[in-house]
Amino acid sequence: MPAVSTPIIRTDKVRPSVSRKLFDEYDPHATAWDELFGRDGKPLSHCAVLVERLGNLLVPEFLTKRTSADMAFVNQGITFSVYSDRRGVEKIFPFDLIPRTIPAQEWVAIEKGLVQRITALNMFLHDVYHEQRVLKEGVVPADLALGSKGFRPEMIGFTPPGKQYIHICGTDLVRDAAGQFLVLEDNGRTPSGVSYVLENRAVMKKTFPQLFQDCRVRRVEDYPHRLREALSSVAPEGAGNPPCVVLLSPGPYNSAYFEHSFLARHMGVELVLGQDLFVHDDVVYLKTTQGPQKVDVIYRRLDDDFLDPETFRPDSLLGVPGLFRAYKAGNVTLANAVGTGVADDKAVYPYVEDMIRFYLSEEPILKNVPTYICAREDDKKYVLDHLNELVVKAVNESGGYGMLMGPSSTAAQRAEFKEKILNDPRNYIAQPVVTLSTCPTWIDDGPAPRHVDLRPYIISGKTSWVLPGGLTRTALVKGSLVVNSSQGGGSKDTWVMENGK
């Protein structure tokens, strides 16, 4: 088993005043949008009840609740893994008790924008593996799409069951200084983090039970049921009633194994490793004590490369020999489909707005962050001349890795990235620094503004459904715009308010 770091309950560096209330000394960020307070320092109207109730807590009362919440995470083993940490693999996910809120009407627009976006991305994937109209008509450069590491030639001409490619998508949103939500990136391969959304909510409801009722917050607990329903709806023809759904994990050493086991348990499906499955006559079976059981849908948390050693990496011990044959024969649904990585390639991302116009004849509801593609000569020159101003990202990295934060970088780091871009321009994009919105976050001896982003989750089967809320990740270091848990970030519960709030 992985080494587990010793849980440490947080204590405060400065002894708080017994009589001080929670928000008495809160000072919003000078330029960023604050998720709870307006520019005038007053609570935003949709979260007035929340701010009033929390604001009436004395700091020692809040700290008592915070310690209780920490213990709940420790006792339930809510963890993630950091492979590079020498002190141990498993880490307790830092959780902040002050939630981030979104008003009902604003969420309606976000939801519509996300459904619009996932619809276009699914149409793009079908097109790029079939007629390739979007490439022939120059909407998306063919070299960028076909040259993507996520493009799988093996998928050309094949249509997955239900004609659905991205069944689960985590689209990262940020709010700029003007309060507008922008899409930072789409995660359409094996997006993680939803288990923390559900666990955060469970802990918050135990900590503030009356507050939820008074604030009328939308539920998130339906996610596992919705996911299983969506996956079952795109089971192949001849599937059982109900279809047999399993969750395929790389195993306990994977960084998201807690989530794999959590989701399997709450969906009521088997959590399996590659060795638990086998293929016979192009049909996938699960080994059970009662004999082989036909599998209809596999929610896989393995990357394409490791799925099937017969088709992809021959050295993979994690996958199932013959799985891709069974898939191409139409006998099993894989969620997400093989080859979806081309749709969340960071160099293809800048064209999603054009995809929406091309496939749906609609204007995008959610805009992208302006992006420079280093594979384009003019963009590359601009990026190299402005490395100290931009955020540079490797197109196939995630978790905050392979990234240069230009304004806070050293000359040596910029020189290193200049060399990387010159050697492989296709592998890099750059974006201007977005001043992410902030939310009050407990730091040392009181709440302080810390930057946040938001990852909503979109489930698509025969229809699409958006989890009302998502994973709010928060930077814990003053001024930092890096919110990833692997880079020291934490999380918050996300409250989408009911209508009228």
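Strand 9 and strand 10, the latter spanning residues 293–294, pair in the antiparallel sense over 2 bridges, and this pairing opens a briefing on a model that is predicted. The points below take up the hairpins around strand 9, then an antiparallel sheet of 4 strands in the order 14-17-15-16, then a parallel sheet of 4 strands in the order 7-6-11-12, and finally a helix pair and a single residue in helix 11.

**Hairpins around strand 9**

- In the pairing of strand 9 with strand 10, Leu 286 stands opposite Gln 293 of strand 10.
- The hairpin that strand 9 and strand 10 make has 6 residues between the strands, and Gly 291 takes a positive phi near 110° there.
- Strand 9 (residues 283–286) also pairs with strand 8 (residues 277–280), in the antiparallel sense and over 4 bridges, and within this pairing Leu 286 of strand 9 is the bridge partner of Leu 277.
- Strand 8 and strand 9 likewise form a hairpin, with 2 residues between them, and in its turn Asp 281 has a positive phi of about 50°.

**The antiparallel sheet, 14-17-15-16**

- This sheet is open, and its 4 strands are joined by antiparallel pairing in the order 14-17-15-16.
- Its edges are strand 14 (372–373) and strand 16 (403–405), each of which has a single partner strand, so that one side of each is left without a neighbour in the sheet.
- Strand 14 is joined in the antiparallel sense to strand 17 (residues 428–432) over 2 bridges, with Ile 373 standing opposite Ile 429 of strand 17.
- Helix 13 (residues 411–423) packs on the sheet and touches strand 15 (390–394), strand 16 and strand 17, while its direction makes about 135° with that of strand 16.
- Strand 15 pairs with strand 17 in the antiparallel sense over 5 bridges, and Lys 393 stands opposite Ile 429 in strand 17.
- Strand 15 is also joined to strand 16 by 3 bridges, the two running antiparallel, and here Val 392 has Leu 404 of strand 16 as its bridge partner.
- Why is strand 15 described as largely enclosed by the rest of the structure? The reason is that 5 of its 5 residues are buried, so the strand counts as largely enclosed by what surrounds it.
- Leu 390, Val 392 and Ala 394 point one way from strand 15, whereas Val 391 and Lys 393 point the other way, and all are buried, the charged Lys 393 included.

**The parallel sheet, 7-6-11-12**

- The second sheet is also open, with 4 strands in the order 7-6-11-12 and parallel pairing.
- Strand 7 (270–272) and strand 12 (333–335) stand at its edges, and because each has a single partner strand, one side of each is left without a neighbour in the sheet.
- With direction ignored, neighbouring strands of this sheet are turned by 25° against each other on average.
- Strand 11 (residues 297–300) pairs with strand 12 in the parallel sense over 3 bridges, and the bridge partner of Ile 298 in strand 12 is Leu 334.
- Helix 8 (residues 223–233) lies across strand 6 (245–248), strand 11 and strand 12, and runs at about 130° to strand 11.
- Helix 9 (residues 257–267) packs on the sheet as well, touching strand 6, strand 7 and strand 11, with a direction that makes about 150° with that of strand 7.

**The contact of helix 2 with helix 6**

- Helix 2 (residues 59–76) and helix 6 (residues 194–207) pack with their axes 10 Å apart and at an angle of about 140°.
- Angles over 145 degrees would count as roughly antiparallel, and the two helices are therefore oblique to each other.
- Helix 2 passes helix 6 in a right-handed crossing.
- From helix 2, Lys 65, Ala 69, Ala 72, Phe 73 and Gln 76 meet Glu 199, Asn 200, Val 203, Lys 206 and Thr 207 of helix 6, and the residues of this contact divide into 4 nonpolar, 3 polar and 3 charged.

**Asp 354 in helix 11**

- Asp 354 lies in helix 11, which covers residues 352–360.
- Is Asp 354 buried or partly exposed? Its relative accessible area is 30%, so Asp 354 is partly exposed, given that buried means under 20% and exposed over 50%.
- The C-alpha atoms of Asp 354 and Val 140 are separated by 8.0 Å, although the two residues are 214 residues apart along the chain.

Technical notes. Residues are numbered from 1 along each chain as its sequence is written. This is a predicted model: local features need pLDDT of at least 70, side-chain atom pairs count only at pLDDT 80 or more; totals for chains, interfaces and linings use all residues. Side-chain values use heavy atoms; hydrogens and water are left out. Buried means under 20% relative accessible area, exposed over 50%, partly exposed in between (1.4 Å probe, protein chains only). Two strands pair if DSSP finds at least two bridges between them. Axes are lines fitted to C-alpha atoms, for helices over the stretch in contact, and angles run from 0 to 180 degrees between N-to-C directions. Angles under 35 degrees count as roughly parallel, over 145 as roughly antiparallel, 65 to 115 as roughly perpendicular and the rest as oblique. A crossing is left-handed if the near helix is turned anticlockwise from the far one by less than a right angle, and right-handed if clockwise. Contact means heavy atoms within 4.5 Å.
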